[in-house]
Amino acid sequence: MSFENMQPARDPADPRETSIEVPFTASAQWRHHARVEQRVIGQLLQTLLYEQVLSYSESSIFPRNDPQGQGSDGNRRFLIEIADSLYQIDGWLCDSFELIRLDYASICIVTPDGAEQAPSFQRLVIDLKAQLGSDAMQPGFINELEQTLVKDVQSAAWQLQGTENPQQLDADALEHYFTDAHSYHPCYKSRLGFSLQDNRRYGPEFALPIRLLWLAVPKQLAHCSSVDRIATREFVDAEAGPEVLARLTTWLDRRQLTRDEVVLIPVHPWQWSHITVSTLYPELASEEIYCLGQGEAIYTAQQSIRTLAPRERQRPYVKLSLSITNTSSTRILARHTITNGPIITQWLQQLVATDDTARGLGFAILGEIAGAALDERAFDTSRYAGVYGTLGAIWRENVSGYLRAGEQAVPLNGLSQQQRHADGSLSPFIQPWIERYGLKAWTRQLVQVSVLPIIHMLYAEGLGMESHGQNIVVIHRDGWPLRIAIKDFHDGVRYSPQHLARPELAPELEPLPASHAALNRNSFIITDDVNAVRDFSCDAFFFIALAEMAIFLRRYFALEEGDFWAMTADVVVAYQQSHPQHHERFELFDVFAPTYDVEALTKRRLFGDAELQARVVPNPLAPFKPAADRTKQATSESAEAIC
């Protein structure tokens with residue numbers, strides 16, 4: 001089943017020209033306000049507690065062996081004093097990295113006389129300003145939270161059709177179906193820059209068709225890149241389509257230019273209207289840069305918003321510069337990342353193709369096969385900041401090209417989300433698969449197929465990969481996990497050159513601009529710090545993707561988190577025993593280390609990056625470290641103590 005079966009009603013005569021005017025004031029939308037407000041409040045408190053910005057007291061409240069699987073050890077009532085208010089909320093103190101998960105619906109303020117009141121977001125802001133100071137609760141951060149609340153209310157009212165059996169949907173349709181967004185970051189749906197109409201038009205939940213605009217840019221103002229097997233110009237021309245190429249020919253003849261003198265770059269329609277015209281108006285007015293109009297291909301937005309999935313499955317995905325802010329990050333595409341995407345793709349695919357173990361695991365690298373971008377260096381320095389990263393595209397291989405007969409794909413982060421039924425009830429998306437294959441058998445298989453590629457690239461090659469749940473696609477047959485496809489590498493790998501297994505194959509990358517590095521301290525690929533390489537994989541994969549799965553399975557299926565991490569450790573240990581040739585890297589990139597450093601996302605937003613905002617967290621894999629390694633570690637620690 002594809003996303004066409006779950007589209008909103010529209011004029012079938014021309015799906016490219018869809019009316020999207022829907023008043024936000026409809027009562028059907030505002031009825032979701034209370035629930036969404038609870039989530040925004042609860043998710044903010046959850047991060048502030050975990051990142052130790054706020055303190056709390058607690059008491060056990062839930063009975064053991066709860067029939068819904070919510071009564072495991074560690075369930076708590078959290079009491080949080082913020083300024084003069086006492087907030088009370090139930091939740092779980094998890095075994096996985098000591099994460100905190102709160103039951104947003106239970107939140108209340110306890111008054112001095114013991115009464116309970118429902119808090120409002122505005123009340124929380126007032127209390128946090130009094131507690132943390134106005135320097136922490138900046139208007140920009142508050143705006144992100146408010147925009148998240150309103151846009152989530154807007155999307156909550158939207159019911160996609162034909163979704164009673166979402167397990168049958170293809171991967172691109174599931175990108176629209178899974179609407180919960182980031183489960184940790186409090187600004188999970190802020191989309192700063194989008195109006196409500198923009199959000200309705202371009203938000204992934206609404207699955208509306210999008211056509212790209214195409215610009216003809218002088219070669220001296222642009223930069224292209226591609227993997228060796230692709231001729232960049234021919235590839236981009238095919239993506240633009242015959243209508244755009246016909247307009248290009250007319251313009252070239254009028255300007256007395258040849259095709260080799262220009263580069264075609266697609267632009268998101270929102271970016272064109274809000275950024276491109278005002279940024280490049282001198283060149284557009286003189287026709288040095290020319291808008292060729294809309295292309296024929298139809299796309300829909302994926303979860304990342306700036307990545308679009310084609311309706312024609314043989315086409316690649318396209319990731320576009322989009323100057324909005326979501327989860328506190330601006331979603332532009334810098335030229336150096338567009339340049340590096342195909343270079344890194346070619347390298348990774350070569351590493352996999354020339355390694356028997358990697359080929360045997362069967363995982364796919366969804367390659368970033370071509371890119372085109374405006375070159376900010378070609379403009380006057382006074383325009384550098386305005387031009388930087390605002391016009392560019394990366395084309396990525398479509399997962400459908402890696403599916404065999406009878407196989408389907410699902411984003412990993414969707415496996416820990418709920419299915420919405422016609423009667424309004426919810427159930428875990430994976431419940432039919434758990435019932436069919438058994439809880440432990442299915443979980444072991446998921447862990448096996450997802451963990452092995454990540455640790456193999458870390459151990460066998462020395463590569464850390466930022467593989468969180470949105471960047472991993474699970475390929476399955478009838479719900480049984482078979483292998484994974486991994487994506488998003490233009491800035492999603494990290495390595496230490498001297499610790500690569502095959503340094504002679506390492507590519508020469510486009511260097512990181514100094515201005516980018518100054519604003520993005522955590523955005524780098526090459527480092528001398530081996531722990532930074534390990535933590536790049538561990539933070540994204542273990543801390544985010546697998547921890548979310550472990551907590552979900554505990555909450556809804558009563559699988560103890562310790563059992564989940566024991567399964568994960570079994571996979572790692574079995575790999576190590578089967579590949580002793582990598583033993584030096586087992587110690588160098590120790591995934592069984594007692595602690596990991598993880599990024600404190602909300603703390604960064606509150607207090608900035610002048611100091612590195614991270615938290616040292618206990619590693620749930622540490623108790624399962626092989627005995628010999630534990631003995632060696634204890635001996636080493638004793639020797640250090642003596643010294």
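Gly608 touches Lys603 and Gln613, leaving out residues up to four places away in sequence. The model discussed here is a predicted one. Gly608 is found in a loop. The loop runs between helix α20 (601-607) and strand β27 (614-618). With a relative accessibility of 26%, Gly608 counts as partly exposed. A residue remote in sequence lies 9.0 Å from Gly608, C-alpha to C-alpha. This residue is Ala136, and 472 positions in sequence separate the pair.

The overall makeup of the chain sets the context. The chain holds 21 helices and 27 strands. It has 643 residues, of which 56% count as buried. Contacts between residues at least 6 apart in sequence were also classified by separation. Among these, 76% join residues at least 24 apart.

Thr568 is a buried position, with a relative accessibility of 0%. It lies in helix α18, which covers residues 561-578. Neighbours within four places in sequence are again set aside. Thr568 is then in contact with Val447, Val451, Phe542, Leu546 and Leu621.

Arg39 is found in helix α2 (residues 33-50). Its relative accessibility is 13%, under the 20% limit, so Arg39 counts as buried. Beyond four places in sequence, the contacts of Arg39 include Tyr104 and Asp152. Asp180, Ala181, His182 and Ser183 are also among them, as is Tyr188. Ser183 stands 144 residues from Arg39 along the chain. The C-alpha atoms of Arg39 and Ser183 are separated by 10.0 Å.

Helix α11 spans residues 335-353. Its length can be checked against its residue count. At 1.5 Å a residue, the 19 residues of α11 should span 27 Å. The C-alpha atoms at the ends of α11 are 28 Å apart, which agrees with that expectation. The helix also carries a kink. The kink is about 30 degrees and lies at Gly341. The proline Pro342 follows shortly after the kink. Of the 19 residues of α11, 15 are buried, so the helix is largely enclosed by the rest of the structure.

Two sheets are described next. One is an open sheet of 4 strands with mixed pairing. Its strand order is β16-β24-β23-β19. The edges are formed by β16 (364-365) and β19 (408-411), each of which pairs on one side only. Strands β23 (residues 472-477) and β24 (residues 480-486) run antiparallel. They are joined by 6 bridges. In this pairing, Ile475 stands opposite Arg483 of β24. Helix α15 (residues 439-461) packs on the sheet and touches β23 and β24. The direction of α15 makes about 25 degrees with that of β24.

The other is an open sheet of 3 strands. It has the order β9-β7-β10, and its pairing is antiparallel. The edge strands are β9 (262-267) and β10 (290-294), each pairing on one side only. From one strand to the next, the twist averages 25 degrees. Strands β7 and β10 run antiparallel and are joined by 3 bridges. Leu215 stands opposite Cys291 in β10. Helix α8 (residues 242-255) packs on this sheet. It touches β7, β9 and β10. The direction of α8 makes about 160 degrees with that of β10.

Arg211 lies in the loop between α6 (196-202) and β7 (213-218). Arg211 is buried, with a relative accessible area of 10%. Its side chain has two polar partners to report. A polar contact of 2.4 Å joins the side chain of Arg211 to that of Gln294. In addition, a polar atom of the Arg211 side chain lies 3.3 Å from the backbone oxygen of Gly295.

Note on methods: Residues numbered from 1 in each chain as written. Predicted model: local features only at pLDDT ≥ 70, side-chain atom pairs only at ≥ 80, totals over all residues. Heavy atoms only, no water. Expected span 1.5 Å × (residues − 1). Bend = angle between axes of the 7 residues up to and from the residue. Buried < 20%, exposed > 50% of the residue type's maximum accessible area, 1.4 Å probe, protein only. Contact = heavy atoms within 4.5 Å. Pairing = 2+ DSSP bridges. Axes fitted to C-alpha atoms, helices over the stretch in contact; angles between N-to-C directions. Polar contact = N/O pair within 3.5 Å; in protein donor to acceptor, adjacent residues only side chain to side chain.
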